[in-house]
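Here are my notes for you on this one. Keep the viewer open while you read and look up each piece as it comes.

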Amino acid sequence: MAARGARTAAEGLAHRAKADGRQRPIAVAAIEDKIVQRAVTALLNAIYEEDFLGFSYGFRPGRGAHDAMDALCVGIHSKKVSWILDADIRSFFDEISQERLIRLLKGRIGDPRIIRLIQKWLKAGVLEEGVVTVSEKGTGQGSVISPLLANIYLHYTLDLWAVHRRRELTGDMIIVRYADDFIIGFQHEHEARHVLDEMRKRLRGSALSLHPEKTRLIEFGRFAAERRQRRGLGKPETFNFLGFTFICGKTRTGQFQIKRKTRADRMRAKLREIRAVLRRSMHLPIPAQGKWLGSVVRGYFNYHAVPTNGRALHVFRHHVTDLWRRTLRRRSQKDRATWERMTQLADAWLPKPTILHPWPSDRYAATHPRWEPDARKTHVRFCAGGVR
């Protein structure tokens with residue numbers, strides 16, 4: 001089976017569009033590779049789950065994107081966070097140093113057979129238009145084991161370094177990481193800028209770099225609006241994380257509240273996908289179209305139906321209904337798909353916008369009870385999610 005696990009070399013390459021319009025190469029492995037990689041991933045997960053820190057949420061058992069967002073919201077609310085470092089690692093999966101990754105794995109994994117398998121997967125290369133290319137850096141994004149290897153790389157490169165740096169600060173600091181997307185909150189601006197400078201050096205030593213245009217330090221938190229108003233500035237800036245825009249807002253009683261809104265570019269991209277499929281299935285029966293659209297909208301709501309995002313859900317459903325109406329009108333010049341009729345079809349096939357997720361503080365309290373043993377350890381206080 002180990003021999004079969006090295007056959008990734010000429011299996012092919014797909015592409016996935018990124019949010020900025022660029023194409024991201026996705027490696028497509030052979031079925032034998034997928035089976036072996038899944039087995040190795042299960043083995044490594046059992047080992048590294050004992051090492052990974054609490055603020056790491058991406059591609060880990062029992063953790064997901066909403067857990068990461070809950071931890072971030074609770075951390076900003078509960079700590080004296082006034083500055084947010086919205087960091088972006090440039091082409092992370094393509095720039096990982098394979099040599100350094102193997103060294104890190106050898107420090108924890110004693111079985112040379114596992115190391116050799118991973119080396120073969122990293123060196124396998126991809127086939128595109130009849131040409132096999134092999135790179136000395138990066139992991140095959142799209143492969144089963146790639147997310148775990150990325151987590152291991154960032155655990156040693158970023159997570160442990162962040163814990164060490166926190167001890168040097170006088171103010172509060174929080175960090176939440178989901179794969180290569182991470183947000184760090186600070187109490188003091190000068191400490192935030194110092195950590196940012198040190199982080200650039202740290203990443204440079206690991207063959208990584210921060211994207212200069214996508215990495216920002218912004219004023220954000222419960223006092224941001226008041227402080228900016230005193231300085232004659234506008235509203236606090238927003239930042240994006242895991243498909244949402246995070247906004248400094250207020251409750252009806254005037255208390256500080258973090259509001260989350262679906263990213264406009266992500267919603268537009270999803271609507272473009274729906275429009276393309278509707279055009280290809282223009283002449284399918286209305287029940288078939290309605291059943292498919294209902295499943296798409298339901299899946300969209302399952303992720304985006306968080307508190308404070310209700311209006312975006314209504315907007316999305318409205319646009320889906322309008323795309324459906326335009327599709328039906330194109331089927332025949334005599335078709336009279338009025339908005340009244342479309343409202344009836346939408347009510348029959350599309351789910352109503354409903355908030356499905358609890359407030360971050362409620363779910364976080366349920367998943368991280370105060371009585372758990374880890375909650376008493378000192379460094380848990382600054383790491384949302386509870387570091388062991």
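**Notes on the fold**

1. Let's begin with a strand that sits mostly under cover: in β10, 5 of the 7 residues are buried. Keep in mind that you're looking at a predicted model. For the wider setting, the protein chain has 13 helices and 11 strands, and 49% of its 388 residues are buried.

2. Now see what β10 belongs to. Three strands make an open sheet, ordered β9-β10-β11, with antiparallel pairing. The edges are β9 (239–241) and β11 (256–262), each of which pairs on one side only. On average, neighbouring strands here are turned by 40 degrees against each other, if you ignore direction. Helix α2 (residues 65–78) packs on this sheet and touches β9, β10 and β11, with its direction at about 155 degrees to that of β11. As a general reminder, the strands of a sheet pair through backbone hydrogen bonds, either parallel or antiparallel.

3. How many bridges join β9 to β10? There are 3, and the two strands run antiparallel. Asparagine 240 is one residue to find here, as it stands opposite threonine 245 in β10. The hairpin of β9 and β10 has 2 residues between the strands.

4. Have a look at leucine 242, in the loop between β9 and β10. Its phi is near 55 degrees, a positive value in a residue other than glycine. Is leucine 242 buried or exposed? Leucine 242 has a relative accessibility of 14%, under the 20% cut-off, so it counts as buried.

5. On the other side of the sheet, strand β10 (residues 244–250) is joined to β11 by 7 bridges, again antiparallel. Two partners you can pick out: glycine 249 has glutamine 257 as its bridge partner in β11, and cysteine 248 stands opposite isoleucine 258 in β11. The β10 and β11 hairpin has 5 residues between its strands. In that turn, glycine 254 has a positive phi of about 90 degrees.

6. A word on cysteines. Cysteine 248 has a relative accessible area of 18%, so it is buried. Cysteine 73 is buried too, at 3% relative accessibility. How many disulfides does the model have? The count comes to 0.

7. Next, a second open sheet, this time with 4 strands in the order β6-β7-β3-β8 and antiparallel pairing. Its edge strands are β6 (173–178) and β8 (216–219), and each pairs on one side only. The twist averages 15 degrees from one strand to the next. Within this sheet, β6 and strand β7 (residues 181–186) pair over 6 bridges in the antiparallel sense. If you want a spot to check, isoleucine 174 stands opposite glycine 185 in β7.

8. Which helices pack on this second sheet? Helix α2 turns up again: α2 lies across β3 (83–88), β6 and β7, running at about 170 degrees to β6. Helix α7 packs on the sheet as well, touching β3, β7 and β8, and its direction makes about 145 degrees with that of β7. So try tracing α2 with both sheets on screen, since α2 touches β9, β10 and β11 and also lies across β3, β6 and β7.

9. Stay with α7 for a helix pair. The axes of helix α6 (residues 146–166) and helix α7 (residues 189–204) come within 11 Å and cross at roughly 145 degrees. The crossing of α6 past α7 is right-handed. On the α6 side, the contact is made by Tyr156, Thr157, Leu158, Trp161 and Arg165; on the α7 side, by Val195, Glu198, Met199, Arg202 and Leu203. Sorted by type, the residues of this contact are 6 nonpolar, 1 polar and 3 charged.

10. One more backbone detail: serine 91 has a phi near 45 degrees, which is positive in a residue other than glycine. You'll find serine 91 in the loop between β3 and α3 (92–95). With 27% relative accessibility, serine 91 counts as partly exposed.

11. Finally, back out to the whole chain. Take the contacts between residues at least 6 apart in sequence: 69% of them join residues at least 24 apart.

Notes: Residues are numbered from 1 along each chain as its sequence is written. This is a predicted model: local features need pLDDT of at least 70, side-chain atom pairs count only at pLDDT 80 or more; totals for chains, interfaces and linings use all residues. Side-chain values use heavy atoms; hydrogens and water are left out. Two strands pair if DSSP finds at least two bridges between them. Axes are lines fitted to C-alpha atoms, for helices over the stretch in contact, and angles run from 0 to 180 degrees between N-to-C directions. Contact means heavy atoms within 4.5 Å. A disulfide is a pair of cysteine sulfur atoms within 2.5 Å. Buried means under 20% relative accessible area, exposed over 50%, partly exposed in between (1.4 Å probe, protein chains only). A crossing is left-handed if the near helix is turned anticlockwise from the far one by less than a right angle, and right-handed if clockwise. Ala, Val, Leu, Ile, Met, Phe, Trp, Tyr, Cys and Pro count as nonpolar, Asp, Glu, Lys and Arg as charged, and the others, Gly among them, as polar.
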